[in-house]
Amino acid sequence: MTADALTEAKTAARQAAFPRRKEAHDTAGPGRAGLLSSVLAGYRGVPLAGYWPIRTEISPIPAMEEAAAHGPVGLPVIEDHGLPLRFSRWEPGCAMRDGLFGAAAPAVDDWITPEILILPLVAFDRAGTRLGYGGGFYDRTLEGLRANRPTLAIGFAYAAQEAESLPREDTDQPLDMIVTETEVLSFTR
């Protein structure tokens, strides 16, 4: 597939996925992060980073609050276009600031290096492919983290965000696990 065709395929997949995510977000009941909490319970104390949900992303905040009682939890900080993310320590109720693209971050930076990364996404498939917004932030970040140590990448999404098959580039970092409000998918790499 040419680079232009790949870009077009990803754009089409995003356009198809956004309405599914919005509908799932609008109709979802309580307990959306229950399975994520169960997965993270097996990694108590391991440094992890989640995300502050924007738009209609499923919220990992309840699972992050629980994890913060046992070890360090961070939120991504976007420092500039083209750079990997850095992660600042977050605790429930800490002061927050507005970050790029509407992603809130802790008001005071206290950098941590996560060994588990919970990633938002637009769509996923059963091969562990994650489709994000197209900026490459998480792919650059995961590549750097994984170059230094094993890093568990968990995509968190509504089940409705599943696509039959997604286009994939060589630079797209694979997910180790996808957790939805209804199931956990694990991938052997």
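## Pairing of strands

Two strands pair if DSSP finds at least two bridges between them. In this predicted model, β1 and β2 meet that condition with 2 bridges in the parallel sense. One of the partnerships is between L48 and V73, the latter lying in β2.

Strands of a sheet pair through backbone hydrogen bonds, either parallel or antiparallel. Both kinds of pairing are described below.

## Overall form

The protein contains 4 helices and 12 strands. Its radius of gyration is 16 Å, close to the 16 Å that the globule rule gives for 189 residues, so the protein is as compact as a globular protein of that length. Along the principal axes, the C-alpha atoms fill a box of roughly 45 × 35 × 35 Å.

Of the 189 residues, 46% are buried. The accessible surface of the protein is about 9200 Å², and carbon and sulfur atoms supply 52% of that area. Among contacts with a separation of 6 or more, 67% join residues 24 or more positions apart. The protein has 18 positive and 25 negative charges, and the mean positions of the two sets are 1 Å apart.

## The eight-stranded sheet

An open sheet of 8 strands runs in the order β6-β3-β2-β1-β7-β10-β11-β12, and its pairing is mixed. Because β6 and β12 (184-186) stand at the edges with a single partner strand each, one side of each is left without a neighbour in the sheet.

## The antiparallel part: β2, β3 and β6

Strand β2 covers residues 73-77 and strand β3 covers residues 86-89; the two run antiparallel and are joined by 4 bridges. Across this pair, L75 stands opposite S88, and P76 stands opposite F87. On the other hand, β3 is also joined to β6 (residues 111-112), again in the antiparallel sense, by 2 bridges. S88 takes part here too, with W111 of β6 as its bridge partner. S88 can thus be followed in two directions, to L75 in β2 and to W111 in β6.

How many of the residues of β2 are buried? The count is 5 of 5, and the strand is described as mostly covered. Its side chains are divided between two directions: V73, L75 and V77 point one way, while G74 and P76 point the other way, and all are buried.

## The parallel part: β7, β10 and β11

Strand β10 has parallel partners in β7 and β11. With β7 (residues 116-119) the pairing runs over 4 bridges, and I116 stands opposite L152 of β10. With β11 (residues 177-179) there are 3 bridges, and I154 has M177 as its bridge partner there.

All 5 of the 5 residues of β10 are buried, so the strand is largely enclosed by the rest of the structure. Both of its faces are covered: L152, I154 and F156 lie on one side, and A153 and G155 lie on the other.

## G155, a residue inside β10

G155 belongs to β10, which spans residues 152-156. Its relative accessibility is 0%; buried means under 20%, so G155 counts as buried. Leaving aside residues up to four places away in sequence, G155 touches L119, L121, L175, M177, I178 and V179. By contrast, the C-alpha atoms of G155 and C94 are separated by 25 Å, with the two residues 61 apart along the chain.

## Two loop residues: T129 and R55

T129 is found in the loop between β8 (123-124) and β9 (130-131). Is this residue buried or exposed? With a relative accessible area of 4%, T129 is buried. Beyond residues up to four places away in sequence, T129 touches A123, F124, L166, P167 and R168. D176 is 47 residues from T129 along the chain, and their C-alpha atoms are separated by 9.6 Å.

R55 sits in another loop, between β1 (48-49) and α3 (61-68). Its relative accessibility is 58%; exposed means over 50%, so R55 counts as exposed. Most residues other than glycine have a negative phi. R55 is not a glycine, yet its phi is positive, at about 50°.

Notes:
Residues numbered from 1 in each chain as written. Predicted model: local features only at pLDDT ≥ 70, side-chain atom pairs only at ≥ 80, totals over all residues. Heavy atoms only, no water. Rg over C-alpha atoms; globule rule 2.2 N^0.38 Å. Buried < 20%, exposed > 50% of the residue type's maximum accessible area, 1.4 Å probe, protein only. Contact = heavy atoms within 4.5 Å. Areas by Shrake-Rupley, 256 points an atom, 1.4 Å probe, with all protein chains shown as cover. Lys, Arg positive; Asp, Glu negative; His and termini not counted. Charge placed at Lys NZ, Arg CZ, Asp CG, Glu CD.
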